[in-house]
Amino acid sequence: MKKIIIYLFILQFVLFNSGKILSEEKYNGEILYVYVNGLVCDFCARSIEKIFSKQQSVEGIKVNLKNMLITINLKENQKLSYEKITEMIKDSGYEIREIKNVK
Amino acid sequence: MKIFLCKILLVCTFIVVKDMNARPISYPGGWTLMQANDFSKHSFHLHYSPSIDYSIGYRAEYWREKEWQFHGLQLNYLIKRINRPKSQTNLYLRNGLGLATSNYKAFENKFEPSLFTGILFDWEDRRFFTSYQNQANYASSIDKFFSQRIRIGVAPYLAEYGYLHTWIMLQADHMPGNRKNLTFTPMLRVFKGDYLAEFGLNNYKDFMFNFIKRF
């Protein structure tokens, strides 16, 4: 019984902990669309958020599992090379299919 | 032992609350805490991933039937990953080296070197999941055995990033030599954010609970 109570207590974290997701705010910096292969699992894709959030030039990212798309919002006047993005996506466990600079 | 493991789990959860994954290897610089309980054992694994190819960490196990413990280092290595437009496949090698200890029957504070090795294969897309893993454990007098596990799963709905994800799974465990040498466990996997939990009940009515937190 004690064990079950502990587990239920832990479960609350599962149910009420939410990831930091980019909201639909307006950004002044560049926006990049990165299409990747293998992006099927939310839990594994957390690595993308963790790796990109360490980059000073990145304002935020948004992950779209349906389209296997990662949207990267850069800070104003900041750049991020395609080589660096490729390296970070590889470190996250995925492979890049295509990168588009949309803004 | 069970209470001890639960305490470790809780302490780690609260002390290092920040960020989590089901893979035995995380992203470079990432920590993962994995805690599992089923009919055969309780285990605790905390690992650090220096790169995307391997992780290293502490592993503790308590084997219920023969009442012995393992404490040691575990090394997980990614042999191959295949990223496809709509799926991902992984093959890992898992090795552990440490000490086995037991007070069971004739074993009075017996300590001896112990090791294990095995592979883990998984394939998944957004709707279906399957995995296979095996493991050979060796502790010269305390216990030696081979075990294997298969899982198949289906997601009843496709959730987007950041929402609660749910998987319905069936797990089959084969442990030759164990009193319950073949078990089937219908189970539920849920995850949200950096937390993952699994619940199940096998055909012997043994409760299963696994928990993972990625930092």
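1. A good place to start is chain B: of its 215 residues, 54% count as buried. Please keep in mind while reading that this is a predicted model.

2. Staying with chain B, its exposed surface comes to about 9600 Å², and carbon and sulfur atoms supply 64% of that area. The chain holds 1 helix and 12 strands. If you follow the sequence, the pattern reads α-β-β-β-β-β-β-β-β-β-β-β-β.

3. Now to chain A, where you will find an open sheet of 4 strands in the order E2-E3-E1-E4, with antiparallel pairing. Strand E2 (58-64) and strand E4 (95-101) of chain A stand at the edges; each has a single partner strand, so one side of each is left without a neighbour in the sheet. On average, neighbouring strands of this sheet are turned by 20° against each other, direction ignored.

4. For a look inside the sheet, try strand E1 (residues 31-37) and strand E3 (residues 69-74) of chain A, which run antiparallel and are joined by 5 bridges. As a general reminder, strands of a sheet pair through backbone hydrogen bonds, either parallel or antiparallel. Which residue in E3(A) is the bridge partner of Leu32(A)? That partner is Ile72(A).

5. Two helices are worth finding next. Helix H2 (residues 42-52) of chain A packs on the sheet and touches E2 and E3 of chain A; the direction of H2 makes about 170° with that of E2(A). Helix H3 (residues 82-92) of chain A also packs on the sheet, touching E1, E3 and E4 of chain A. The direction of H3 makes about 145° with that of E4(A).

Definitions and conventions: Residues are numbered from 1 along each chain as its sequence is written. Chains are lettered from A and ligands numbered from 1 in the order in which they are written. This is a predicted model: local features need pLDDT of at least 70, side-chain atom pairs count only at pLDDT 80 or more; totals for chains, interfaces and linings use all residues. Side-chain values use heavy atoms; hydrogens and water are left out. Two strands pair if DSSP finds at least two bridges between them. Helices (H or I, at least four residues) and strands (E, at least two) are DSSP runs, numbered from the N terminus. Axes are lines fitted to C-alpha atoms, for helices over the stretch in contact, and angles run from 0 to 180 degrees between N-to-C directions. Contact means heavy atoms within 4.5 Å. Buried means under 20% relative accessible area, exposed over 50%, partly exposed in between (1.4 Å probe, protein chains only). Accessible areas come from the Shrake-Rupley method with a 1.4 Å probe; for residues, only the protein chains shown count as cover.
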